Amino acid sequence: MSMVRYSIVDVFTDRPFTGNPLAIVFDAQDLATEQMQAIAREFNLSETIFVLPPSEGTGATYRARIFTPGTELPFAGHPTVGCAVTLVRNGVIKGPDVIQECGAGLLPIQVDEVHGAATVTGGKPTVGPALDPLPLLDSIGLTEADYLGPAPRKAGCGLEFTFLSVTDEAVGRLRLQRPVDNLSVVHWDAERHLAHVRVLVPEVGVAEDPATGSAAMGLGVWLVTSGLVAGEGLTQYEIAQGLEMHRPSALHCTVTAQTGAAVSATVSGHVVPIASGEMIVPPFVG
């Protein structure tokens with residue numbers, strides 16, 4: 001019976017049983033897509049990441065494929081941070097500078113082995129047009145009285161999310177009424193450069209995510225576009241997420257802007273080892 005090795009870690013936290021749990025499956029080069037998806041459903045975490053050798057000629061340190069319980073993603077932040085730290089911690093690869101190959105391209109990662117943390121630089125920032133907030137508010141059981149603005153937009157650095165700004169109290173009491181597409185509900189504290197965030201991704205099999213690195217970087221793009229942070233130079237900001245899920249998470253972020261547009265963003269966080277073991281390989285039905 002074929003077996004694969006795995007580890008479970010908590011990401012974007014320095015304490016066990018908080019942050020966002022992640023499954024890492026090693027030596028996954030012989031697994032078919034259907035087998036990876038079955039393993040991700042078995043773990044039933046926000047994401048499971050599979051580690052493979054890099055493609056020839058890419059210069060990558062390793063290749064990764066990332067799955068939710070429902071689908072494959074081109075990129076996700078907490079799997080990228082958790083996987084890089086774990087591979088360096090276990091001596092599989094050497095840090096501090098790592099390049100992950102994934103569906104979103106080649107992503108540079110800096111691993112701090114001493115503190116068990118990593119910083120990921122996202123892909124090219126993208127941003128969409130202003131959206132009507134009312135249908136978004138209605139989809140999560142909120143009203144126009146809860147809305148703060150600026151206008152909602154899609155933004156991202158490899159994976160796009162829609163950002164909706166509401167009161168701090170409204171973030172805590174939102175309730176999903178119907179499916180939404182990668183929605184990040186945000187309260188922005190301009191004085192402290194701190195965002196209280198909830199991220200809803202039910203269409204990929206995750207009702208709510210405890211910590212979302214890809215959305216954290218996209219938030220920086222939205223903040224610059226909306227004029228909430230400087231349109232020139234580097235801005236640091238923090239994200240508190242997962243509070244309502246009893247999985248408090250801390251994401252440390254930067255966004256760099258030029259002439260009013262975001263040109264790059266990063267997200268950093270700690271990784272705590274939780275468990276490791278082996279599981280059987282699911283049967284392949286070709």
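With 286 residues, the protein would be expected to have a radius of gyration near 19 Å if it were a compact globule, and the value of 18 Å agrees with that. The radius is taken over C-alpha atoms, and the globule rule is 2.2 Å times the number of residues to the power 0.38. Along the principal axes, the C-alpha trace spans about 60 × 40 × 35 Å.

A word on the model before going further: it is predicted, local features need pLDDT of at least 70, side-chain atom pairs count only at pLDDT 80 or more, and totals for chains, interfaces and linings use all residues. Residues are numbered from 1 along each chain as its sequence is written, and side-chain values use heavy atoms, with hydrogens and water left out.

**The overall fold**

You will find five helices and 17 strands here; helices (H or I, at least four residues) and strands (E, at least two) are DSSP runs, numbered from the N terminus. Of the 286 residues, 54% count as buried, meaning under 20% relative accessible area, while exposed means over 50% and partly exposed lies in between (1.4 Å probe, protein chains only). Contacts are heavy atoms within 4.5 Å. Among those between residues at least 6 apart in sequence, 60% join residues at least 24 apart.

The protein exposes about 12,200 Å², and carbon and sulfur atoms supply 53% of that area. Accessible areas come from the Shrake-Rupley method with a 1.4 Å probe. As for charge, there are 16 positive and 30 negative side chains, and the centres of the two sets lie 2 Å apart. Lys and Arg count as positive and Asp and Glu as negative, with His and the chain ends not counted; each charge is placed at NZ of Lys, CZ of Arg, CG of Asp or CD of Glu.

**Two helices to look at**

Helix α5 covers residues 213–225, and its 13 residues should span 18 Å at 1.5 Å a residue; the end C-alpha atoms are 19 Å apart, which agrees. The expected span is 1.5 Å times one less than the number of residues. Twelve of the 13 residues of α5 are buried, so this helix is largely enclosed by the rest of the structure. Among them are Met217, Leu219, Trp222 and Leu223. After α5 comes Gly227, with a positive phi near 75°.

Helix α1 (residues 33–43) also has buried residues, including Met36, Ile39 and Phe43. Their cover includes strands β1 (3–11), β2 (20–25), β3 (48–52) and β17 (261–280). α1 is followed by Asn44, whose phi is positive, near 55°.

**Backbone features in the loops**

Most residues other than glycine have a negative phi, and most peptide bonds are trans. The table lists some places to check against that background.

| Site | Value | Loop |
|---|---|---|
| Gly95 and Pro96, cis peptide bond | omega about 5° | Pro96: between α2 (77–89) and β6 (97–102) |
| Gly149 and Pro150, cis peptide bond | omega about 0° | Pro150: between α3 (133–139) and β10 (153–156) |
| Phe17, positive phi | phi near 70° | between β1 and β2 |
| Thr259, positive phi | phi near 50° | between β16 (249–258) and β17 |

Are Phe17 and Thr259 buried or exposed? Phe17 is exposed, with a relative accessible area of 60%, and Thr259 counts as exposed at 74% relative accessibility.
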